[in-house]
Amino acid sequence: MEHGLTRDVKKFRDLKELSLAAASDIAELIVGTVSRKGHFSLALSGGGTPRTLHGLLGSVYRDKIPWESVYVYFGDERYVPHTDRQSNYLMAKETLLDLVPISPVNVHPIPTDLDVPSEAAAAYERELRRNFGEGDSSFDLILLGMGGEGHTASLFPGSPALDEIRRWVMSAEVPATPHTRVTLTYPIINRAFAVYFLVSGADKREALREVLGADADYHTYPAKGVAPFRGRLEWWVDSAALMG
Ligand code: 6PG
């Protein structure tokens, strides 16, 4: 592994090496946080990149992580039933949650069964505010991915959600399929104690160069708007995504 392209970028040979290192780091972070404050709040992302990480957390680290003290949330969701193959919840369930001894009451999927997606967003926001609204509590770790055009969670280029300063969760119509999404917004993402981006593959190269550079605008490259105001931002990338 090479450290130090910038302080916050960790570069690995490939997705497997990246996932092995991330799983070890995350397991250690969970164990340390739970022993310090008794619980750990984790937001998962969708997409294909986290699957290998999930598999490792659910096997190699299954018995090392105090799952009864872990609370699982989601950074975004596709507005389809939780049984649909496109559902981020279903992906997390099959690749991680079904493998570990976590109680269903600790798992907080984004609802997708309300008539109007904005109502689902409001309901999820109420749930988050119940848990994080008081004091300075927030996610201990948000995992995010990045699309080839720089979107993250379901914050896409040009979306009105990018300039939201009040709501923590919004519905959005996006150019990718399925089009209807519910997503966390910057005000809650940037309140996290740690945010890790997992980025793999040559199709991410151009957006990654822009987002790690100084000049990109978050309206064009939404991943650029992720800047936790009191926490750590780490980029876990592979050599196909970040040349040189
Ligand atoms: C989603 C995501 C999305 C994803 C990126 C990267 O629901 O689609 O949460 O933001 O993380 O598109 O996806 P890959 O890991 O598949 O490249």
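A residue counts as buried when its relative accessible area is under 20%, and as exposed when that value is over 50%. With that in hand, welcome to this structure, which is a predicted model.

**The chain as a whole**

By that measure, 54% of the 244 residues of the chain are buried. The chain contains six helices and ten strands. Its C-alpha trace spans about 45 × 45 × 35 Å along the principal axes. A compact globule of 244 residues would have a radius of gyration near 18 Å, and the chain, at 17 Å, agrees with that.

How do contacts link parts of the sequence? Take the contacts in the chain between residues at least 6 apart in sequence: 76% of them join residues at least 24 apart. On the outside, the accessible surface of the chain is about 10,700 Å², and carbon and sulfur atoms account for 52% of it.

**Around the ligand**

Now let us turn to the ligand. It has 15 residues around it, and those that come nearest are Gly48, Thr49, Asp76, Ala153 and Lys204. Sorted by class, this shell holds two nonpolar, nine polar and four charged residues.

Three residues place an atom at a listed distance from a ligand oxygen, as this table shows:

| Residue | Atom on the residue | Distance to a ligand oxygen atom |
|---|---|---|
| Lys204 | polar side-chain atom | 2.6 Å |
| Arg78 | polar side-chain atom | 2.8 Å |
| Gly46 | backbone N or O atom | 3.1 Å |

Taken alone, the ligand would expose 420 Å², and the protein buries 86% of that area.

Ala153, one of the residues that come nearest to the ligand, deserves a second look. It sits in the loop between strand 6 (141–144) and strand 7. Its phi angle is near 45°, a positive value in a residue other than glycine. Is Ala153 buried or exposed? Its relative accessibility is 12%, so Ala153 counts as buried.

**Two loop residues to visit**

Asn106 lies in the loop between helix 3 (88–95) and helix 4 (117–132). Although it is in a loop, Asn106 is buried, because its relative accessible area is 6% and the cut-off for buried is under 20%. What does the side chain of Asn106 reach? It reaches the backbone oxygen of Val70, at 3.0 Å. Leaving aside residues up to four places away in sequence, Asn106 touches Trp67, Glu68, Ser69, Val70, Tyr71 and Val72.

Arg13 gives a contrasting picture. This residue is found in the loop between strand 2 (9–12) and helix 1 (15–37). With a relative accessible area of 60%, Arg13 is exposed, because that value is over 50%. Which residues does Arg13 touch, not counting those up to four places away in sequence? They are Asp238 and Ser239. Asp238 is 225 residues from Arg13 along the chain, yet the C-alpha atoms of the two are separated by 5.5 Å.

**A cis peptide bond**

One last stop is the peptide bond from Thr177 to Pro178, which is cis, with omega near -15°. Where is Pro178 found? Look in the loop between strand 7 (169–173) and strand 8 (180–184).

Notes. Residues numbered from 1 in each chain as written. Predicted model: local features only at pLDDT ≥ 70, side-chain atom pairs only at ≥ 80, totals over all residues. Heavy atoms only, no water. Near = heavy atom within 4 Å. Polar contact = N/O pair within 3.5 Å; in protein donor to acceptor, adjacent residues only side chain to side chain. Areas by Shrake-Rupley, 256 points an atom, 1.4 Å probe, with all protein chains shown as cover. Nonpolar A, V, L, I, M, F, W, Y, C, P; charged D, E, K, R; others polar. Helix = DSSP H or I, 4+ residues; strand = E, 2+ residues; numbered from the N terminus. Rg over C-alpha atoms; globule rule 2.2 N^0.38 Å. Buried < 20%, exposed > 50% of the residue type's maximum accessible area, 1.4 Å probe, protein only. Contact = heavy atoms within 4.5 Å.
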